[in-house]
Amino acid sequence: MRGTVPFVLAIICACLPSPRETVRWELVHTLVGHTGNVSSVAFSPDGQTVVSGSWDGSIKLWDRMTGAEVAAYHRHTALHWYRAIVYSPDGDRLVAASSDSTAKLLRASSGELIAVLAGHKGQVSSVAFAPDGTTLVTGSEDGTVRVSDAHSGEHLSTLQAHSGQVLSVAFSPDGTHMASGGGTDATIKLWNAHTGEPVATSPELSDWVYALAFTPDGRMLVSSGGDELHVKLWNVDGLRLQRTIGFHEGDVTDVAVSPDGTKVASASGDHTVKVWDLTTGTLSTVLTGHAHDVTSLAFVPPLGGQIVSGSDDGSLRVWDLQSGRHAAFRAPQRTRVASVAVSPNGAQLASGSQGALELWDAESGRRVAVVSAQSGYAPSIREVAVSLDGKVLASAATDRTVRLGPVATGEVTRILEGHSATVVFVQFSPDGRTLASSGYDHFVLLWDTVLDSEPAILRGHTGIVRSLAFSPDGNTLASASYDETIRLWDTKSRQERAVLTGHTHMVRDVAFSPKGMVLASAGWDGEIKIWDMETLTEIQTLDEHEAKLDNVAFSHDGTLLASAGMFSDIKIWDVRSWRIVDSLKGHGRIVRSLAFAPSGLSLLSGGDDQTVRLWRRKAR
């Protein structure tokens, strides 16, 4: 712990009831039933029911006293979707990464299934063929890269690549190196493609690495993401950053290098495709026409005079770089086009979306084949919240929706659609009239829970908004973001009140004390910061953690603070002294969520070990 308690904090602490010095915690129940990471836990207002949301797509209700499962709801439903598509070098096959944790190896001419590449334990986000066409790699949210035979689909080896999602993979043109880009660890890694040994690792960046592409000479690697709005050019020798190219007004979701190595194209959440001179970094062309985020792009070989782009507006567009004209291969649909690819001879296109992979004739725009994905996929539920009257349950998921309905039945009575990306957090206001939601699109949306009206949009963050907290009086909303800031919003005027800075890494959680006098924030810099809400200044930093932090929660009497993150222990702090008074051991993996019972005598935790654990205070 750094520093001493300032006078103002001493006054705040003096107002708190003193926790009993002999209080310890014991594990009462381990609630087993989820088959995915437990990402969110909450108590009902009366403290009798435990609510848990999981990446397995389910919400479960448990009896707090017995630990028995009371109900299970699957409120979010969707189809599997294809996240990335790549043609083999000879154009004979293509491989498509799927959200069902597999990749499909297909005959390019007909879409005939050759093999299902199984083995990943999470969505497959990226794929790439080796230049000689003998092997292929798949990257997944389970942090691994799997190497397979490109003809039979047989699994050859597995690389433990990143500590979180592997969002991008690419081979160097000569096939000697493979590069991978991470989500959670926000790094780029270079591998010896023959031995699977790591060669170099980039510095840790400020955001996820969405896409990678080598230049034709293999000397440079282009990346998108990492600091959200730019394209970066890396020297392959040591992964040294050589240049930051260009600027978008939204996340740069994909990059591609022209066949002659003179241009780089970038796709963005600002609805545009931009083309840059690779040597000078100057902007040469801006392609506008998509009505939503552009998610993927590819140059059309062999000359690279055209670009194909896919978008969340449901359209697939081909752009002529000389004339600037473009043609949409299909009218916008409700489902997003998540990935596009062009055959080596430029004669065929492939597009992946939610529910199907489609093959197109590039010249006529005629659809050649459709490869359906299996239905019944339940998106990962990222957060659940219960209104203070205990009647309404809100859930947020990767299908970009928030769903509302009665807790008692699990029925969905209202679907809130407004986010353009995964929704990671929901929070009811104290009076239950407002629901706040946030996610990967960097916005905070405020919904009226009674009236069916358009949400208010709070703009300001430049990174994923990971957590939200209403002040006890409901007048202030705090939002925590990957942009390393906390923003305070006036809930009546919808205006920003203040920006709190001090964390040196992404801020993952915020929590108000019960009386609203202080705000606690937790970040991946391993620090908990305590902020005075009257002066809007940092008054305490708790830095005794040795790992990244994900969660903080105050007990309802304000005497205790719980914290957890990228470790399996939960730490309990005495708010009067800011000393650690207990460390709860039991989870075998990362702890994703914490919640105190209204009585303050029980604590809930959920984690990557797929369990919900109920802890109880006891006298030692």
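Where in the chain is Arg-494 found? The legends below take up this residue along with several other places in the model, which is a predicted one.

**Figure 1. Arg-494, a loop residue with a positive phi.** Arg-494 is found in the loop between β44 and β45, the latter strand covering residues 496–501. Its phi is near 65 degrees, a positive value in a residue other than glycine. Is its side of the story one of burial or exposure? Arg-494 is partly exposed, with a relative accessible area of 34%.

**Figure 2. Glu-484, with a positive phi although it is not a glycine.** Here phi is about 75 degrees. Glu-484 lies in the loop between β43 (476–481) and β44 (485–490). With a relative accessibility of 29%, Glu-484 counts as partly exposed. Strand β44 links this view to the previous legend, since Arg-494 sits in the loop between β44 and β45.**Figure 3. The cis peptide bond from Pro-301 to Pro-302.** Omega of this bond is near 5 degrees. Pro-302 has its place in the loop between β26 (294–300) and β27.

**Figure 4. Ser-315, a buried loop residue.** Strand β27 covers residues 306–311, and Ser-315 lies in the loop between β27 and β28 (316–320). Its relative accessible area is 0%, so Ser-315 counts as buried. For a sense of scale, look across to Val-407: the C-alpha atoms of Ser-315 and Val-407 are separated by 38 Å. Along the chain, these two residues are 92 apart.

**Figure 5. Trp-25 and Phe-596, one of two aromatic pairs in the structure.** The rings of Trp-25 and Phe-596 meet edge-to-face, with 6.1 Å from centre to centre and 65 degrees between the planes. Trp-25 belongs to strand β1 (residues 23–32) and Phe-596 to strand β54 (residues 591–596), so the pair ties together parts of the chain that are 571 residues apart in sequence. Both Trp-25 and Phe-596 are buried.

**Figure 6. Trp-208 and Tyr-440, an edge-to-face pair between two loops.** For these rings the centres are 5.1 Å apart, and the planes make an angle of 80 degrees. Trp-208 lies in the loop between β17 (198–201) and β18 (209–214), while Tyr-440 lies in the loop between β39 (434–439) and β40 (444–448); the pair therefore ties together parts that are 232 residues apart in sequence. How buried are the two partners? Trp-208 counts as buried at 8% relative accessibility, and Tyr-440 is buried too, with a relative accessible area of 18%.

**Figure 7. The whole chain, as a setting for the close-ups.** The protein chain has one helix and 56 strands. Its C-alpha trace spans about 75 × 50 × 50 Å along the principal axes. The radius of gyration is 25 Å, which agrees with the value near 25 Å for a compact globule of 620 residues. Buried residues make up 62% of the 620 residues. Of the contacts between residues at least 6 apart in sequence, 44% join residues at least 24 apart. The accessible surface comes to about 23,300 Å², and 49% of it belongs to carbon and sulfur atoms. The chain carries 53 positive and 68 negative charges, and their mean positions are 4 Å apart.

Key. Residues numbered from 1 in each chain as written. Predicted model: local features only at pLDDT ≥ 70, side-chain atom pairs only at ≥ 80, totals over all residues. Heavy atoms only, no water. Helix = DSSP H or I, 4+ residues; strand = E, 2+ residues; numbered from the N terminus. Rg over C-alpha atoms; globule rule 2.2 N^0.38 Å. Buried < 20%, exposed > 50% of the residue type's maximum accessible area, 1.4 Å probe, protein only. Contact = heavy atoms within 4.5 Å. Areas by Shrake-Rupley, 256 points an atom, 1.4 Å probe, with all protein chains shown as cover. Lys, Arg positive; Asp, Glu negative; His and termini not counted. Charge placed at Lys NZ, Arg CZ, Asp CG, Glu CD. Phe/Tyr/Trp six-rings, centres within 6.5 Å; stacked < 30°, edge-to-face > 60°.
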